[in-house]
Amino acid sequence: MKKFDDGNIQIQYSDENEPCVLELMNQALIAYETITSLFKLKNYDRKIIIYLYNSVEELHNEVFGEKREEWEVALEGEDGNLKLVTPLNPGNVHSYSDILKIAQKSVADMILADNFDDIPNWLDITTYLFGLNDAKTIYSYQKLNINNIKSYSDAYFITLSLINIYGINKIIKIYKKAKNYNKILNASDKEINNKIIQYYAEAV
């Protein structure tokens, strides 16, 4: 395995993945800088290691010992490192550019998890920041509820609406002090849910 090291990111890869490594490194570093700057993590200096796998099958066999769903292309291993399918062979669900965005989200999520506890499962600022979800408001917004998250899309649409309603700085405060989210937003759970539904009702 070759190693490409640039500050806080290291990528380990095989020869066939050489053509994508520089672009992947650049995107991972953008994610690292974006999150540490936005959340003012001045003293955070963890080096994140990314292992590139040649196919979805290879990744799944390594991590699970069996084939799983094709959409699973990025996983944090027990060693704390990121295991990622190469953008050059992303499988049947994702594209080259998808893998780059997923790498950004994964790096950012690892940094947030290192720094903050009890992050609500209805918050997903990294999907918002790195443009992973391009779905429109045809999504079933009437069923959105911070106390009943059923999918990643739920968390994305809740986060998107709350950023637009309250501003991104309030959302950052919730990551830092998750248990105080009602006080930070000055709203009960019911009031938050109603505002989310009202936001999308007015958007469509």
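This report describes the sheet, the helices packed on it, a surface patch and the salt bridges of a predicted model.

**Sheet and helices**

Five strands make up an open sheet with mixed pairing, and their order is E1-E2-E3-E5-E4. Strand E1 (2-6) and strand E4 (74-76) are the edge strands, each pairing on one side only. On average, neighbouring strands of this sheet are turned by 20° against each other, direction ignored.

Within the sheet, strand E2 (residues 9-13) and strand E3 (residues 48-53) run parallel and are joined by four bridges. Ile 11 has Ile 50 in E3 as its bridge partner.

Two helices can be placed relative to these strands. Helix H1 (residues 18-38) packs on the sheet, where it touches E1, E2, E3 and strand E5 (82-85). The direction of H1 makes about 155° with that of E2. Helix H3 (residues 96-115) lies across E2, E3, E4 and E5, and runs at about 170° to E5.

**Surface patch**

Which residues form a nonpolar patch on the surface? The patch consists of Trp 71, Val 93 and Tyr 152, which together have about 390 Å² of accessible area. Trp 71 is found in the loop between helix H2 (56-63) and E4. Its relative accessibility is 46%, so Trp 71 counts as partly exposed.

**Salt bridges**

Side chains of opposite charge can pair when their charged atoms come close. In the whole structure, a search finds nine salt bridges. The table gives three of them, with the distance between N and O atoms.

| Lys residue | Acidic partner | N to O distance |
|---|---|---|
| Lys 2 | Glu 18 | 3.1 Å |
| Lys 67 | Glu 70 | 3.2 Å |
| Lys 83 | Asp 79 | 3.9 Å |

Glu 18 forms a salt bridge with Lys 2. Because Glu 18 lies in helix H1 and Lys 2 in strand E1, this pair ties together parts that are 16 residues apart in sequence. Glu 18 is partly exposed, with a relative accessible area of 38%, and Lys 2 is partly exposed at 37% relative accessibility.

In the salt bridge between Lys 67 and Glu 70, Lys 67 counts as partly exposed at 38% relative accessibility. Glu 70 has a relative accessible area of 17% and is therefore buried, as buried means under 20%.

For the salt bridge of Lys 83 with Asp 79, is the lysine, Lys 83, buried or exposed? Lys 83 is buried, with a relative accessible area of 10%. Asp 79 is partly exposed at 44% relative accessibility.

Salt bridges with shared partners also join Lys 2, Asp 15 and Glu 18 into one network.

Note on methods:
Residues are numbered from 1 along each chain as its sequence is written. This is a predicted model: local features need pLDDT of at least 70, side-chain atom pairs count only at pLDDT 80 or more; totals for chains, interfaces and linings use all residues. Side-chain values use heavy atoms; hydrogens and water are left out. Two strands pair if DSSP finds at least two bridges between them. Axes are lines fitted to C-alpha atoms, for helices over the stretch in contact, and angles run from 0 to 180 degrees between N-to-C directions. Contact means heavy atoms within 4.5 Å. Patches are made of residues with over 30% relative accessible area and no salt bridge: like charges are joined within 9 Å, nonpolar side chains (Val, Leu, Ile, Met, Phe, Trp, Tyr) within 5 Å. Accessible areas come from the Shrake-Rupley method with a 1.4 Å probe; for residues, only the protein chains shown count as cover. A salt bridge is a side-chain nitrogen of Lys or Arg within 4 Å of a carboxyl oxygen of Asp or Glu. Buried means under 20% relative accessible area, exposed over 50%, partly exposed in between (1.4 Å probe, protein chains only).
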